[in-house]
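Hi,

Here is the structure I said I would pass on. Could you have a look at it alongside my notes below?

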Amino acid sequence: MALTALHGCPAPAKLNLFLHVTGRRPDGYHLLQSVFQLIDHGDILDFDLRDDERIVRVNDVPGVPEEQDLIVRALRALQAEYRRRHGKLPPGIAVRIEKRLPMGGGLGGGSSDAATALMAANHLWQVGLNTDELIALGLPLGADIPFFLFGETAFAEGVGEALQAVPGPDCWYVVIEPGVSVPTAAIFTAPDLTRNTKPITVADFLGRNTESQGSVEFGKNDLQDVAARLFPPVAEAIEWLGNHGAARMTGSGACVFSAFSTEQEAEQVLKQVPAKWIAWKTRSLTKHPMKSLLQINEL
Ligand SMILES: C[C@](O)(CO)[C@H](O)COP(=O)(O)OP(=O)(O)OC[C@H]1O[C@@H](n2ccc(N)nc2=O)[C@H](O)[C@@H]1O
Ligand SMILES: Nc1ncnc2c1ncn2[C@@H]1O[C@H](COP(=O)(O)OP(=O)(O)OP(=O)(O)O)[C@@H](O)[C@H]1O
């Protein structure tokens with residue numbers, strides 16, 4: 001019998017192990033090179049099919065009106081694709097979000113929610129889209145959605161849509177939320193942003209010392225200096241964590257992380273984090289948990 005609900009669906013966060021800005025497209029979007037790493041900490045989503053055809057969010061998310069929620073927009077895009085294929089709309093979906101990831105944290109929360117929603121609805125509605133087809137639907141909604149649909153550690157280029165799998169690390173991270181929300185556009189439009197980092201190859205990344213897998217010893221985050229200048233708590237968190245290990249900002253900020261080989265080392269640092277910041281430890285993930293849950297094995 002076909003499923004009518006999927007509860008407890010994970011929408012994990014990502015870390016950008018490095019993030020180079022190598023240029024700018026004529027439309028203003030920036031060309032990036034980055035390694036995206038999934039981590040075992042994220043939002044949790046419940047999906048229930050409805051008796052009508054409406055896509056609704058059943059709980060409030062502060063600062064995100066229902067109509068702007070990337071989950072709702074992603075589900076509507078897939079619903080329209082279903083109609084193109086079948087000539088009628090599929091049943092509606094009610095979605096409940098347990099939001100754990102901070103907004104404007106550089107952890108890709110909104111994009112991950114949307115990717116999980118696309119995977120869940122593709123399954124519930126039995127649309128049968130493959131990952132590349134889901135990526136084509138998701139990319140216009142957010143630059144990080146392709147990565148989450150890809151679902152494994154990836155070397156990313158373009159605006160984040162050209163993805164190659166790279167070996168995933170097995171390590172622990174301490175992540176600090178500096179308590180500010182960083183608007184991505186403000187970082188990319190800053191006049192002092194450097195946009196000319198020399199492009200590297202995936203072999204340059206793979207050629208680094210394997211001991212440092214998953215760490216921040218390779219490259220840099222070109223968005224970090226701008227974010228740290230505009231948002232002093234980001235600078236403060238980088239400085240504090242940097243005294244306990246190599247520390248870096250993820251995405252366009254605000255969150256800051258450091259990698260450790262064992263849970264004990266991560267715990268040692270975590271318990272010293274000043275109480276004014278939210279901080280947590282988490283493990284690297286090699287595969288998106290929705291892929292295991294739904295047995296998606298095509299990649
Ligand atoms: C920097 C990253 O966090 C890396 O993971 C992401 O690429 C940002 O992705 P995101 O938050 O989903 O960002 P989007 O909502 O797609 O873009 C927000 C704004 O940031 C700027 N932007 C974003 C991505 C990019 N490659 N170049 C840009 O210039 C654009 O002005 C855009 O209007
Ligand atoms: N389900 C959602 N969860 C979070 N934010 C959402 C959602 N839907 C839409 N948004 C919008 O997306 C914006 C960015 O949120 P998000 O959590 O993805 O930031 P981020 O972690 O900085 O992302 P990135 O790493 O991609 O820059 C929010 O400020 C919000 O306006």
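What follows is a short tour of what I found, going from the annotations to the two ligands, then to a helix pair and a couple of backbone oddities.

One thing up front: this is a predicted model, so please read everything below in that light.

Let me start with what UniProt has, all from an unreviewed entry. Its "domain: GHMP kinase N-terminal" annotation runs over residues 70-151. In the model that stretch is 57% helix and 7% strand, and the C-alpha atoms at its ends sit 18 Å apart. UniProt also lists "domain: GHMP kinase C-terminal" for residues 216-278. There the chain comes out as 41% helix and 14% strand, with 21 Å between the end C-alpha atoms.

The "active site" annotation in the unreviewed UniProt entry covers Lys 14 and Asp 144. These positions span 131 residues in sequence, yet their C-alpha atoms are no more than 9.2 Å apart, so they gather at one spot. As for where Lys 14 sits, it belongs to strand S1 (residues 5-24).

Now the ligands. Ligand 1 is surrounded by 17 residues, and the closest are His 30, Gly 142, Ala 143, Phe 188 and Gly 251. Two elements give two or more residues to this shell, namely strand S2 (30-49) and helix H5 (184-188). H5 has the largest share, with three residues. By class, the shell around ligand 1 holds six nonpolar, ten polar and one charged residue.

Ligand 2 has 20 residues around it. Leu 70, Gly 109, Gly 110, Asp 113 and Gly 251 are the closest, so to speak the inner ring of that list. Helix H1 (70-86) and H2 are the elements that give two or more residues here, and H2 gives the most, with four. This shell divides into six nonpolar, eleven polar and three charged residues. You will notice that Gly 251 turns up among the closest residues for ligand 1 and again for ligand 2.

H2 comes back in a helix pair. Helix H2 (residues 109-124) packs against helix H3 (residues 131-138) at an angle of about 130°, with the axes 11 Å apart. What does that make the pair, oblique or roughly antiparallel? Roughly antiparallel would need an angle over 145 degrees, and H2 and H3 are therefore oblique to each other. The crossing of H2 past H3 is right-handed. On the H2 side, the contact is made by Ala 114, Ala 115, Leu 118 and Asn 122; H3 brings Leu 134, Leu 137 and Gly 138. That gives five nonpolar and two polar residues in the contact, and no charged ones.

Finally, two spots in the backbone that I would like you to see. Most residues other than glycine have a negative phi, and most peptide bonds are trans. Gln 126 goes the other way on phi, with a positive value near 50°. You will find Gln 126 in the loop between H2 and H3. The other spot is the peptide bond from Gly 253 to Ala 254, which is cis, with omega near 15°. Ala 254 lies in the loop that links strand S8 (247-249) and strand S9 (256-260).

Over to you!

Technical notes:
Residues are numbered from 1 along each chain as its sequence is written. Chains are lettered from A and ligands numbered from 1 in the order in which they are written. This is a predicted model: local features need pLDDT of at least 70, side-chain atom pairs count only at pLDDT 80 or more; totals for chains, interfaces and linings use all residues. Axes are lines fitted to C-alpha atoms, for helices over the stretch in contact, and angles run from 0 to 180 degrees between N-to-C directions. Angles under 35 degrees count as roughly parallel, over 145 as roughly antiparallel, 65 to 115 as roughly perpendicular and the rest as oblique. A crossing is left-handed if the near helix is turned anticlockwise from the far one by less than a right angle, and right-handed if clockwise. Two residues are in contact if their C-beta atoms, placed from the backbone, lie within 7 Å. Ala, Val, Leu, Ile, Met, Phe, Trp, Tyr, Cys and Pro count as nonpolar, Asp, Glu, Lys and Arg as charged, and the others, Gly among them, as polar. UniProt positions are given in the numbering used here, feature names are shortened, and annotations may be inferred rather than shown by experiment. A residue is near a molecule or strand if its C-beta atom, placed from the backbone, lies within 6 Å of it.
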